[in-house]
Amino acid sequence: MKIISILGVSGSIGTQAIDVLRNHKDKFQLGAISVGRNINYLEEILEEFNPPLVSVMEESDYLNLKQKYPEIEFTYGDEGLIDVATYKTDLLLTAVMGSVGLIPTIKAIESGTDIALANKETLVAAGSIVMQKAKEYNVKIIPVDSEHSAIYQCLNGENLNEVKNIIITASGGSFRDLTREELKSVTLKDALNHPNWSMGQKITIDSATMMNKGLEVIEAKHLFDLETTQIKTLLHRESIIHSMVEFVDNSMMAQIGNSDMRTAIQYAFSYPERIYKDNPLDFNTISTLNFKPMDLERFKMLKFAYDALEIGGTMPAVMNAANEFAVAEFLNGKIEFLEIEDIVESRMNQHQVVQNPDLETILYYDALYKRVEVNEW
């Protein structure tokens with residue numbers, strides 16, 4: 001029986017992870033969990049799984065739940081995330097959104113816990129530090145993103161020196177068929193209508209801007225220790241091929257399947273084994289697979305990510321922080337869709353890069369570039 005703890009149990013990845021646990025109660029047991037403000041959903045999980053340790057965001061929720069469920073240990077706030085991350089468990093799924101997952105992930109690594117990583121921002125902001133920590137503490141980092149899970153599976157048992165390129169596929173998001181002129185009039189409702197995947201709001205917007213793919217490029221650099229020139233992106237509308245690896249002899253290996261994050265989550269949970277899952281891919285329903293080169297002028301956010309990766313230092317963290325701020329502004333109706341790009345580009349251009357930053361420096365710039373007024377700096 002493998003014990004699985006979850007940071008971010010009420011988000012899109014977290015709820016699908018619960019489905020995996022629910023379908024395989026003979027193999028997995030829920031450990032410690034964290035949730036934000038979705039207390040109604042949390043109580044459903046408490047009734048069904050009775051986890052030993054639970055962290056919530058607000059102290060008021062902590063006090064109420066502690067009284068209502070005396071047999072369960074509760075904690076809250078930023079320290080609560082660390083409590084969950086360092087709880088003795090076999091695997092920690094980091095499924096919180098944004099850079100808030102960075103410190104808990106590092107603390108979990110330092111406690112010797114293997115990580116199922118669904119929080120892109122952790123490696124984007126501090127990939128070198130995190131991967132060095134994982135190496136130091138002999139901890140596995142198993143990717144949960146469908147694209148990185150695909151690459152991870154394709155590379156299983158392969159010689160990394162024989163890898164020529166990896167190809168990360170992209171559906172193109174909600175606006176893949178629109179011109180930049182047409183993007184000026186899109187709405188929040190339009191942006192949240194992803195053609196292939198069911199995801200949380202932030203990641204859906206990132207998919208629409210193509211920043212999500214940019215974050216994946218940076219994450220892949222750290223996960224697989226590749227040169228930037230070896231990380232390719234390809235528009236693939238159907239989201240059937242989740243990513244590919246090209247080897248030096250020009251052979252290619254791909255991982256294919258339905259657009260269902262539960263597959264990647266389950267693989268991370270059961271690794272190195274595979275276990276049964278229903279809903280197989282039906283080849284009788286697939287008439288064609290389409291591929292198209294990525295246009296970096298059309299998808300500017302992807303270009304920003306490649307630029308940030310090439311510049312290095314604190315630039316990826318600044319790009320990520322600026323994007324988190326801009327997406328939140330868009331979700332709150334304060335800016336237009338294309339202004340997300342403008343904010344990210346402006347804040348990247350203003351930043352004086354610090355090379356080889358320590359964790360404290362990364363956290364400083366992460367907080368700084370989430371501030372509202374650029375001119376205040």
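These legends go with a handful of close-up views of a predicted model.

**View 1. Seven strands line up in an open, parallel sheet.** Reading across, the strand order is β4-β3-β2-β1-β5-β6-β7. The edges belong to β4 (73-76) and β7 (141-143), each of which pairs on one side only. From one strand to the next, the twist averages 25 degrees. For a look at one pairing inside the sheet, go to strand β2 (residues 28-34) and strand β3 (residues 53-56): they run parallel and are joined by two bridges. Here I33 sits opposite V54 of β3.

**View 2. Helix α1 packs on the sheet.** This helix covers residues 12-23 and touches β1 (2-7), β2 and β5 (91-94). Compare its direction with that of β1 and you get an angle of about 165 degrees.

**View 3. Helix α4 lies across a run of strands.** Made of residues 77-85, α4 lies across β1, β2, β3, β4 and β5. Against β3, the helix runs at about 150 degrees.

**View 4. Strand β10 pairs with β8 and with β11.** Take the β8 side to begin with: strand β8 (residues 163-170) runs antiparallel to β10, and five bridges hold the pairing. One spot to pick out is I168, whose bridge partner in β10 is S243. Now for the β11 side: strand β11 (residues 252-256) is also joined to β10 by five bridges, and again the two run antiparallel. There, M244 has A254 of β11 as its bridge partner. β10 and β11 form a hairpin with four residues between the strands, and N250 in that hairpin takes a positive phi near 75 degrees. As for cover, strand β10 (residues 241-247) is mostly tucked away, with seven of its seven residues buried.

**View 5. Helices α10 and α14 cross roughly at right angles, that is, roughly perpendicular.** Helix α10 takes in residues 201-209 and helix α14 residues 315-331; their axes come within 10 Å and cross at roughly 105 degrees. That angle falls in the 65 to 115 range, so the pair is described as roughly perpendicular. On the α10 side, the contact is made by Q201, K202, I205 and D206. The α14 side brings in N323, E324, V327, F330 and L331. Sort the contact residues by type and you get four nonpolar, two polar and three charged.

**View 6. K120 and E216, two listed binding-site positions, are in contact.** In an unreviewed entry, UniProt lists K120, S146, E147, S171, H194, S207, N212, K213 and E216 under "binding site". K120 is in helix α6 (residues 120-136). Its relative accessibility is 4%, so K120 counts as buried. Beyond its neighbours within four places in sequence, K120 is in contact with D145, I203, N212, L215, E216 and E219.

**View 7. The surroundings of E216, seen from helix α11.** E216 belongs to helix α11, which covers residues 211-224. Is this residue buried or exposed? E216 has a relative accessible area of 1%, so it is buried. Setting aside neighbours within four places in sequence, its contacts are K120, D145, E147, H148 and I168. Two of these have come up before: K120 is on the UniProt list of View 6, and I168 is the bridge partner of S243 in View 4.

Notes: Residues are numbered from 1 along each chain as its sequence is written. This is a predicted model: local features need pLDDT of at least 70, side-chain atom pairs count only at pLDDT 80 or more; totals for chains, interfaces and linings use all residues. Side-chain values use heavy atoms; hydrogens and water are left out. Axes are lines fitted to C-alpha atoms, for helices over the stretch in contact, and angles run from 0 to 180 degrees between N-to-C directions. Angles under 35 degrees count as roughly parallel, over 145 as roughly antiparallel, 65 to 115 as roughly perpendicular and the rest as oblique. Contact means heavy atoms within 4.5 Å. Ala, Val, Leu, Ile, Met, Phe, Trp, Tyr, Cys and Pro count as nonpolar, Asp, Glu, Lys and Arg as charged, and the others, Gly among them, as polar. Buried means under 20% relative accessible area, exposed over 50%, partly exposed in between (1.4 Å probe, protein chains only). Two strands pair if DSSP finds at least two bridges between them. UniProt positions are given in the numbering used here, feature names are shortened, and annotations may be inferred rather than shown by experiment.
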